[in-house]
Protein chains: 2
Amino acid sequence: MPGELITIGDELLAGRVVNSNAAHIAQHLRLQGFELRWITVVGDRQDDIIAALDQAVERASFILATGGLGPTDDDRTSEAAARALHRPLRRDPISWDIISGHLKKLHRPMTPGVAKMADLPEGATRIDLNRPRAGFYIGDAAKPIFFLPGIPEEMADMLATFVLPTLEERLPRQRAIGTRVLRIFGLWESQINQRLADLADIFPDLTVGYLPHFPENRLTLTAQAPTSTETDNLLEQAVALVVHRLGHHVYGQEDDTLEMVVGRLLAETGLSLALAESCTGGLIAHLITNASGSSAYFDRALVTYSDTAKSAHLQVPEDLIAQHSAVSAQVAEAMARGLHHLSRADLNLAVTGLAGSTGGRSETPVGTVFLALLRDEAFRLEQFQFRGTRQEIKTLAAYTALDWVRRAIIDDDFFVLG
Amino acid sequence: MPGELITIGDELLAGRVVNSNAAHIAQHLRLQGFELRWITVVGDRQDDIIAALDQAVERASFILATGGLGPTDDDRTSEAAARALHRPLRRDPISWDIISGHLKKLHRPMTPGVAKMADLPEGATRIDLNRPRAGFYIGDAAKPIFFLPGIPEEMADMLATFVLPTLEERLPRQRAIGTRVLRIFGLWESQINQRLADLADIFPDLTVGYLPHFPENRLTLTAQAPTSTETDNLLEQAVALVVHRLGHHVYGQEDDTLEMVVGRLLAETGLSLALAESCTGGLIAHLITNASGSSAYFDRALVTYSDTAKSAHLQVPEDLIAQHSAVSAQVAEAMARGLHHLSRADLNLAVTGLAGSTGGRSETPVGTVFLALLRDEAFRLEQFQFRGTRQEIKTLAAYTALDWVRRAIIDDDFFVLG
């Protein structure tokens, strides 16, 4: 029962954006056991959208379309859908209420472009009943047809909460499918692959997918079996084996992020965290404060980018910087101890390094980063040599720092083994 | 004279890889003035490849296909091309020489799979005459048809050195094409559209594309004219009109980012910047330090998340916080002035607010943000009410702060009008 995806937008035909929506949709359909057989990309011309829809109706068992649902003149998908499916456009009262209510709240006037977003083909139902997000479903046709917005977050949200469950209902499958996502930091894809090379032999009904997602890796385990109890069983065994093989590098599952896991651990243990950042430039603090409720455990970050700021705010002696340079083990340790003195936090983390792309020297090349972590009497300091662009080095340093906080909390030997 | 691109491979339909080949080809065709009107993605089934080729021959003026040219069983493009174009497969002697010579050098035996790579549809010519890279051109058909490998580097190389020059020769263009991208902050897509509603009437040869990219918007202007001088002229006029209509909201062009523009302005003017962040949690500092060389103008950010940290590092009086709460105009101003006292930077920016999702009250609901900017004697303070998720509010506050720094540098009236 293969389906078709139609992605709409001049920006795709001009190569101004990469079609990551298509990859996202394809992957999630596959994980749920739905096969995509065609992906068609057309621009904002109405005739081309209509022709693509006609062809999809002809050959596919289900149809997803994305893009062209916004308020501007080049958003022509709803009208094209109406014409292709021979259903006139009608003002959808629910859409109108949501959109006009939203505008009223923002004290913004209704415009013809925005009003257009409330017009749906006859028989279509709006997908998001709470927010002013475009997207509708034609459920009374012979084949289910979904129109989703091109904005990646909105599309992904509707795919997960509406499209996949609706497809499950409309196109019931014979076998149960289950998936688990494991989130991994600190190993390259090839290292993971090597440690798990025999997984497919051990579990013949398991499909293993690798998805590098800088700076981490995601491992997707998909199991097929006659019943969902059997898939759950199989997945449980496989997850246990993977965690055994990869150890502390598996930091979370499903939608976990490293900063959320760290935040959860800090909240659960009641420990507080303070940061002294140099080369990461505030990125660690930014990640930590992405979690709601982070003020319970996060108190401050001193982003001391200049030497002056390191001395002024962290009491790092000027002559220590002069003697060893700002990118040194000595200065990293002094930053952590200066921070602890001021913050009285339980965990005090300092990072100094060279993110590049300029400023490298033979003793301290670009990518040199020192991490120092202080917890009461315990202390760990390490030198890293990261490779990549400036932003990649910042990101690697920040994630390594977060991973240290995680391991310092869960692993009794973290400071001993350091 | 629009063309079609067919990208072939099961991995694309399963979402295991993002179709970056399509974006690369689309972009380079567009830059050379060739229009792509359809992109079709099919898997490795021979029937689907044949159907896609049939359709492209029917509707397109030129055809590019990528993928499925390798030695394995699932590489079926050459055979599908032979069948779709009714040209039998023939062993190509040049290909055979190159491939067998290469194997001999590596002391590797010929296999049926590798031998298959020397079989081309009758009339096809091999593209790479030096290396054992798959790829051929059917030049004696009514429409030029190119088959390129799916390996990105090989594809990109053949596109640049063979496909584009050949297309230039085969399809001499009547009209030149040019594009400009404008980057816009502080206006909704519908607001931009309303202000530019008559653009298409004023410039009939101009196409306007909108691309929301939270928290900003990108506007793409594409012009077609008989000569490139005329397209340049047209684009210049259109850009001038858009900038006139949207004013300071246009912050940059092409690949500019707001943080890069701010960094460039700081570097050019020799002004320095210090930050006192609360609800943005280090995000402004992170953005500013993404630019290489930012240490020349960025000195420090004090991410004072707790009240204690605000008093300890920014000398905000404890009773001021007790009286007005940490999210108040008074505390924002005290943070900026305390920061200035310590940093001696030219520009001192402070932000305090409630990013949510908890902690809102009726007087200060979630999304309330105060910005304060101090430049010598000049001072501006404003209260904002942002809407969205926690991360969206952080992002909106951080970008608004960066935009203030930009406008404080370029606009003499910024502090006066505030």
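Student: How many bridges join strand β16 (residues 368-375) of chain B to β17(B), and in which sense do they pair?

Tutor: Keep in mind that this is a predicted model. In chain B, β16 covers residues 368-375, and its partner here is β17(B). One bridge you can look up is Val369(B), whose partner in β17(B) is Phe384(B). The pairing is antiparallel, over 8 bridges.

Student: What sits in the turn between β16(B) and β17(B), and what is its phi?

Tutor: The two strands form a hairpin, with 2 residues between them. Look at Asp376(B) in that turn. Its phi is positive, at about 50°.

Student: Where do β16(B) and β17(B) belong in the open sheet of 10 strands, and which strands are at the edges?

Tutor: Reading across, the order is β17(A)-β16(A)-β15(A)-β13(A)-β14(A)-β14(B)-β13(B)-β15(B)-β16(B)-β17(B), with mixed pairing. From one strand to the next the twist averages 10°. An edge strand pairs on one side only, and here that picks out β17 (378-385) of chain A and β17 (378-385) of chain B.

Student: In which sense do β13 and β14 of chain B pair, parallel or antiparallel, and what is the bridge partner of Glu277(B)?

Tutor: Strand β13 spans residues 273-277 of chain B, and β14 spans 298-304. They run parallel and share 5 bridges. For Glu277(B), the partner in β14(B) is Val303(B).

Student: Which helix of chain A packs on that sheet, and at what angle to β16(A)?

Tutor: Look at residues 390-410 of chain A, which touch β13 (273-277), β15 (347-353), β16 (368-375) and β17 of that chain. This is helix α16, and its direction makes about 25° with that of β16(A).

Student: What angle does α16(A) make with β9(A)?

Tutor: Here α16(A) lies across β9 (176-185) and β12 of chain A. Those two strands belong to an open antiparallel sheet of 4 strands, ordered β10-β11-β9-β12. Neighbouring strands of this sheet are turned by 25° against each other on average, direction ignored. The helix itself runs to β9(A) at about 100°.

Student: How many bridges join β10(A) to β11(A), and what is the partner of Tyr210(A)?

Tutor: β10 (206-213) is one of the edge strands, along with β12 (250-253). With β11 (residues 216-225) it runs antiparallel, joined by 8 bridges. In β11(A), Tyr210(A) has as its partner Leu219(A).

Student: What area is buried between chain A and chain B, and which three residues supply the most on the side of chain A?

Tutor: The contact takes 69 residues from chain A and 69 residues from chain B. About 5,700 Å² is buried, with carbon and sulfur atoms giving 50%. Of the area that chain A buries against chain B, 10% comes from a trio that supplies more than any other three residues: Leu13(A), Arg37(A) and Tyr305(A).

Student: How many salt bridges cross the interface, and how far apart are the closest N and O atoms in the one between Arg45(A) and Glu35(B)?

Tutor: The rule finds 4 salt bridges between chain A and chain B, and 34 residue pairs in polar contact. By class, the side of chain A that touches chain B has 26 nonpolar, 27 polar and 16 charged residues. For Arg45(A) and Glu35(B), the closest N and O atoms are apart by 3.1 Å.

Student: In which sense does β2 of chain A pair with β2 of chain B, and which residue stands opposite Val41(A)?

Tutor: Both strands cover residues 36-42 of their chains. They pair in the antiparallel sense over 5 bridges. Opposite Val41(A), in β2(B), stands Ile39(B).

Methods
Residues are numbered from 1 along each chain as its sequence is written. Chains are lettered from A and ligands numbered from 1 in the order in which they are written. This is a predicted model: local features need pLDDT of at least 70, side-chain atom pairs count only at pLDDT 80 or more; totals for chains, interfaces and linings use all residues. Side-chain values use heavy atoms; hydrogens and water are left out. Contact means heavy atoms within 4.5 Å. Buried area is the accessible area (1.4 Å probe) that two parts lose on being put together, summed over both. A salt bridge is a side-chain nitrogen of Lys or Arg within 4 Å of a carboxyl oxygen of Asp or Glu. A polar contact is a pair of N or O atoms within 3.5 Å; within protein, one must be able to donate a hydrogen and the other to accept it, and residues adjacent in sequence count only if both atoms are side-chain atoms. Ala, Val, Leu, Ile, Met, Phe, Trp, Tyr, Cys and Pro count as nonpolar, Asp, Glu, Lys and Arg as charged, and the others, Gly among them, as polar. Two strands pair if DSSP finds at least two bridges between them. Axes are lines fitted to C-alpha atoms, for helices over the stretch in contact, and angles run from 0 to 180 degrees between N-to-C directions.
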